[in-house]
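Student: Please take one part of this model and look at it closely, namely the helix packing and the nonpolar core around it. I would like the residues named, with the rest of the chain brought in where it helps.

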Amino acid sequence: MKRKLLTLLLAGSMTATMFAGCGGDDKPEADNNTTQDDNVDDTADNTTTVPEDTSAPEEGGDVEEQTLKVAAFEGGYGADMWNEVAEAFEASHPGVTVELTIDKKLEDVISPSMKAGDYPDVVHLATGREAALTETLTKEKAILSISDILDMTVPGEDVTVKDKVIPGFFDTLGTNPYGDGETYYAPMFYSPCGLFYNAGLLKEKGWDVPTTWDEMWALGDKAKEEGIALFTYPTTGYFDAFTFALLDSAGGSDFYNSCMTYEDGIWESDNATKVFELVGKLAEYTESTTVANANDQGFTKNQQLILDNKAIFCPNGTWLPEEMKDAPKSEGFEWGFMAIPAVNEGGKGSSFTFFEQMWIPSAAENQDMAKEFIAYMYSDEAADIFAKSGAVQPITGMADKLEGDNKLFYNIYEDGATAVMGGFASTASVEGVSMADTLFGTVNSVVSGEKTVADWQKAVEEVSDQLRDAME
């Protein structure tokens, strides 16, 4: 299952044309130079001549032995890629041993040690997860600024990190959670999000791929006559990317930013109302078993619906085909992927870009080598290793190397979709208040008919009011 999208700590939307990098203060590199002279015994008998070549340093110079502790979340891409990347980093950095901790419940593994004062040097763990470890440390100001990494040269190459990473990824609160111009999260593994479907089914039925919501509703009516639902979703957590795309499409980037920063009355505006009502109507076209399985145990049953031709569209990210690769599929099944249709007539489709994050705890022992490791994440060597497992780094030219389904997925912006990045601004904790639970989690109740769209919209505005004063 995907790591839940950036529902907290992220702000700012980014269209494909909003591109710029961020700089920061340089932090001195660690002094790794040691000399054998420091260990010479002045009282030793020096009458024996030592051959010159035995006193020369080994190729590459003296190396300081050190252990770099890296904690990485094991998601749908698996653990093998992390082991291979660690070995490649060690090979390119003699003297460094990477001590890996990889787990699907990484927070449970590293939190006890961190409470005891034993911190990893590097952590790969996105925001938006239920345990909210990244958010907690961010609120406690316990994450190190890594702005200087942007100006570092990618190890083994002659380009800086900021010039290697696709423009725009360092421009949202997805990497700058405090909005202070400092970068704290390094963007990792990006994934365009949209609607997945069985292209083979549409070809078989002679149905066109809809490009507007009016065409969506018309397709839903046709499909219903044949016992096929228009829509399903894995869990309500997947409505973050879906909703973010709709919001940007409804009112543009300025409106989207206002939503993400809890502007007074923004969730009661006409543009917001369009989005709430659209999701409310989509609820009428949602497959009947979806709500019952929209949880961590049953979500794959909902994803299976589009493989079995019981539902047409399912919102998700590019990890879905890999996640369902061994699942049974209907005859003639073929992955299809499309942007979220434009809310307004004449507008373009939109696709939220989800990306994971890597960061350094402020209490990390080997901070300089940790930064070197993060810079290495953007090397061609590391990116190619990740890509073999389906994890695509946000570096320039990476999409050109992809093949098969991934080429289809990552070309969505080349096909004209508007790219949307970033989510809600960071706030201090407000007891009993969660925008994610209210905005996304309520969808189940709307689909089941337990709550009206009007009640849902009102609740979101109330939560926004409470979080506005707590925004950091």
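Tutor: What follows starts with the whole chain, goes to the helix pairs and the core, and ends with some single residues.

The model is a predicted one. Its protein chain contains 18 helices and 9 strands. Of the 472 residues in that chain, 55% count as buried. Among contacts with a separation of 6 or more, 78% are between residues 24 or more positions apart.

The part to look at closely is the pair H8 and H9. Helix H8 covers residues 239-260 and helix H9 covers residues 270-283; their axes lie 9 Å apart and the packing angle is about 150 degrees. Angles over 145 degrees count as roughly antiparallel, and H8 is therefore roughly antiparallel to H9. The crossing of H8 past H9 is right-handed. On the H8 side the contact is made by Phe-239, Phe-242, Thr-243, Leu-246, Leu-247, Ala-250, Gly-251 and Phe-255. On the H9 side the residues are Asn-271, Ala-272, Val-275, Leu-278, Val-279 and Leu-282. Sorted by class, this contact of H8 with H9 has 11 nonpolar residues, 3 polar ones and no charged ones.

The largest nonpolar core of the model has 134 residues. Those with the most contacts inside this core are Leu-230, Phe-242, Trp-267, Ile-312, Phe-313 and Phe-386. H8 gives the most to the core, with 12 residues. Phe-242, just listed for the core, is also one of the H8 residues that meet H9. In soluble globular proteins, nonpolar side chains tend to be buried together.

Leu-230 shows how such a core residue is surrounded. Leaving out residues up to four places away in sequence, Leu-230 touches Met-216, Trp-217, Leu-219, Gly-220, Leu-282, Tyr-285, Ile-312 and Phe-313. Of these, Leu-282 is also one of the H9 residues in the contact with H8, while Ile-312 and Phe-313 are on the list of residues with the most contacts inside the core.

A second helix pair can be set beside the first. Helix H2 (residues 80-92) and helix H14 (residues 380-388) have axes that come within 9 Å and cross at roughly 165 degrees. That angle makes H2 roughly antiparallel to H14, and the crossing is right-handed. H2 contributes Met-81, Trp-82, Glu-84, Val-85 and Ala-88 to the contact, and H14 contributes Glu-381, Ala-382, Ile-385, Phe-386 and Lys-388. By class there are 7 nonpolar, no polar and 3 charged residues in the contact of H2 with H14. Phe-386 of H14 is also among the residues with the most contacts inside the largest core.

Ile-312 and Phe-313 lead on to helix H11, as strand S6 (311-317) is part of what covers that helix's buried residues. H11 spans residues 299-307 and is mostly covered, with 7 of its 9 residues buried. The buried ones are Phe-299, Asn-302, Gln-303, Gln-304, Leu-305, Ile-306 and Leu-307. Besides S6, the cover includes strand S4 (186-198), helix H10 (290-293), helix H12 (320-323) and strand S7 (335-338). After H11 comes Asn-309, with a positive phi near 60 degrees.

Most residues other than glycine have a negative phi. Two further residues have a positive one. Phe-189, in strand S4, has a phi near 45 degrees and is buried at 1% relative accessibility. Lys-141, in the loop between helix H4 (133-139) and helix H5 (161-164), has a phi near 55 degrees. Lys-141 is exposed, with a relative accessible area of 54%.

Finally, a charged residue can be followed through its contacts. Glu-107 belongs to helix H3 (residues 106-115) and is buried, with a relative accessible area of 5%. Neighbours within four places in sequence aside, Glu-107 is in contact with Pro-112, Leu-125, Arg-129, Ala-131 and Leu-133. From Glu-107 to Phe-73, 34 residues apart in sequence, the C-alpha to C-alpha distance is 8.6 Å.

Definitions and conventions:
Residues numbered from 1 in each chain as written. Predicted model: local features only at pLDDT ≥ 70, side-chain atom pairs only at ≥ 80, totals over all residues. Heavy atoms only, no water. Axes fitted to C-alpha atoms, helices over the stretch in contact; angles between N-to-C directions. Helix = DSSP H or I, 4+ residues; strand = E, 2+ residues; numbered from the N terminus. Parallel < 35°, antiparallel > 145°, perpendicular 65-115°, else oblique. Left-handed = near helix turned anticlockwise from the far one by under 90°. Contact = heavy atoms within 4.5 Å. Nonpolar A, V, L, I, M, F, W, Y, C, P; charged D, E, K, R; others polar. Core = buried A, V, L, I, M, F, W, Y, C linked by side-chain atoms within 4.5 Å. Buried < 20%, exposed > 50% of the residue type's maximum accessible area, 1.4 Å probe, protein only.
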